[in-house]
Amino acid sequence: MLQLEPQNPLIKESFTTVLDKEYAPISLDRIITDFDFTSYKISTPTSKTTILFSISIKCWKDLLNYGVLELVHSRYSQYPFITIDDRATQDPGYDLSLIVDLQAYHQVIDSVNVDELIEELSLLKRNCFAAPFLQAFNRYQDLSQNVKIDPNNLYGEDSQISSNEQVLKLDYRDAESIYIKPSHDRVTVIFSTIFSDEIDKVFSKVFLQEFSDARKRSIQKAPQVINSHNEVPLEIKHLVHDPDNKDKVYITFVLFPRHLNTEEHKWNSITHIQLFRSYFHYHIKIVKCYLHQRMRFRVNTFTKILNRARRDVDEEEMRAERKTASGRRFEQRV
Amino acid sequence: MASAQTPAVIMDNGTGLTKLGFAGNDSPSWVFPMAIATSVASSGNKPAAPTKPSFRASTTASSTSSISGGNLSTGINKRDMADLDFFIGDEALEAAKGPSYSLSYPIRHGQIENWDQMERFWETSIFKYLKCEPEDHYFLLTEPPLNPPENRENTAEIMFESFNCAGLYIAVQAVLALAASWTSSKVTDRSLTGTVIDSGDGVTHVIPVAEGYVIGSAIKNVPLAGRDITSFIQTMLRERGEKDTSLRTAEKIKQQFCYVCPDIVKEFNKFDSHPDMFAKYMVETVSQRKIEVDVGYERFLAPEIFFNPEIASSDFLTPLPTIVDQCIQASPIDVRKNLYKNIVLSGGSTMFKDFGRRLQRDLKGLVNERVHSSERRSGTKSSGVQVQVISHKRQKNAVWFGGSLLAQTGEFRGYCHTKRDYEEYGPNIVRSFSLFNAV
């Protein structure tokens, strides 16, 4: 109903036509955007059968540090007709290009799972954003094997070793970041966001409250969500330069081993978490729409009630003698 | 918050179709029906029930707080979360086939009628279809000519207060269509003066524009458009007793085979002497069976209804060239020459081959006749009036394309009203927008 898909529908659509068996090559030049200042370009600069698919992400520099290239190579190099250009040499301004050679593709078309390929291409943004998460998850696995569980630590407090663990930071928007901190029994993901609008901030509070309430009620498997409006969470205290910034809101997700035990769960967690901010804003906005709808409805009702107070003036009254407010008479000319 | 890189979003919400996309592209990313399917339970009993009892309650208790309290609780129970249950576009048409959704079109005659639905439509199209955060993008919306300023204000309220969009520009569709014609090689001076013939599915408008301003008093409507051509073809197919006479088939025939001829009588003769002019259209049915439909005189007769409306309608009889002429004659005298010189086509129903050429020829005939008669009467020689109809490749989505063209220029952001402006001055700032300078 109000779910945001991690795939980009426009990329999906473009490649569904392009990778069709009976596709007649035409020259393409398309710009597509995605959340968090991500933009794509699908073009055919050299020949109509060579498709250049480039992506630019705001926090590409951070992603490079967390091994995004290895990840992209591992996801896309299984297709022999896709060449990966790490620096987007053909598309200035973009960060990474995938070059799809349609001629080579048509030679091996029968051995390719086209649906899966299209899906994979439309998930390019998620795959790029997955790099730091995967790195953190791997670190968590190392830690969990090495660190003995302390039987005295009943409340799951951070042990000495894990509190010094490096925090992966991703400046994915202008002044907003994602922090990921692995430890031996959990992975903590913290979002810092800023609301441009005061009203949004209020909505966000209510909305986040619902997260923790829902968890108490029914969905116990969901990760724990902690929301702090002005205080910087302890995990990232040393990384935040402006701890007194009152506009910033911190939202913490705690991923437990059950979210990370299989490959499928891992990707599932990544997909949902990296979409969180957009999802959050989407819902705040739809709530406003809903309230506006109610307000319009209410105004209409009041207008109706007011209109009932209006007296029907009949013909006779119209013609009768009338006075002004000061008591002067005047005659109406018909 | 919008960074320099993020392209502006162009949204052209028409009566029948909505076109969405990013500035810099040459065609819209999404074109889908301007429809929204809402859950029946929510929309059905919304306006009726809760008003009356609360009114009675207020007369007895005579306290406003008690009404609102009582009203509110019934409202919540009645509507609940079903208000968030809706689909837009093609998904809406699909959902409306079932029993639990009802389909509605929030825009009527080019103007937004249902703001609740429109707000939700925008919400979904921005987040779900375009996948962009409105706070990061500038928006260019379109409006029909003679849109009341209150509608603009409502739009601005939604765009800024619900979506916090970074900046907003609302442009008149006809002006954007003029801008789109700049891609044609015939256009040399890139002015925003000209006559726009905008023919979509429902209605055809002839709109004179002078220096970027619509001359409201001279706008003319023609009640013939794409839908009428389709139904004309359908009637012809039925009269001939073809095996498949669905609206879909008629529409496909219209798009694939129809063209405008210079002379009907000659064209009839041509068809009779050259049987290869008759075409065949293959219909693929659901059961994989192929039905062959003959396509005959409707190839040139269907678009002819613009030039000889009497063949299709009984109450509207003025040909399109005459309407264009009347429209320009109703405009101020000092712009008429430029209006004749720059007649721009826009919309899907102007896509027929040689449509522009025929219009230009007929209009030239009308104008020359007038020039001659005035020359005879006054005895002086006129310098003549140049009539030029411009057709170009982007006619189909001309409005959207014009928007894309203007919004990708560097100055676009300067013309927009930003969220900060809105908060400073209130919704009435959108009553005026500075015009794009011809680049």
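**Chain A–chain B interface and two positive-phi residues**

Chain B and chain A bury about 4500 Å² between them, with 54% of it on carbon and sulfur atoms; buried area is the accessible area (1.4 Å probe) that two parts lose on being put together, summed over both. This is a predicted model, in which local features need pLDDT of at least 70 and side-chain atom pairs count only at pLDDT 80 or more, whereas totals for chains, interfaces and linings use all residues. Residues are numbered from 1 along each chain as its sequence is written, and side-chain values use heavy atoms, with hydrogens and water left out.

**Interface**

- In chain B, 52 residues are in contact (heavy atoms within 4.5 Å) with 46 residues of chain A.
- The rule finds seven salt bridges across the interface of chain B and chain A, each defined as a side-chain nitrogen of Lys or Arg within 4 Å of a carboxyl oxygen of Asp or Glu.
- B:Glu133 forms a salt bridge with A:Arg277, where the closest N and O atoms are 3.0 Å apart.

**Positive phi outside glycine**

- Most residues other than glycine have a negative phi.
- A:Asp36, which is not a glycine, has a positive phi near 55°; A:Asp36 lies in the loop between β1 (29-34) and β2 (38-43) of chain A, strands being DSSP runs of E of at least two residues and helices runs of H or I of at least four.
- A:Asp36 is buried (under 20% relative accessible area, 1.4 Å probe, protein chains only), at 2%.
- B:Leu146 also has a positive phi, of about 65°, and sits in the loop between β9 (138-143) and α6 (149-162) of chain B.
- With 59% relative accessibility, B:Leu146 is exposed (over 50%).

Notes:
Chains lettered and ligands numbered in written order.
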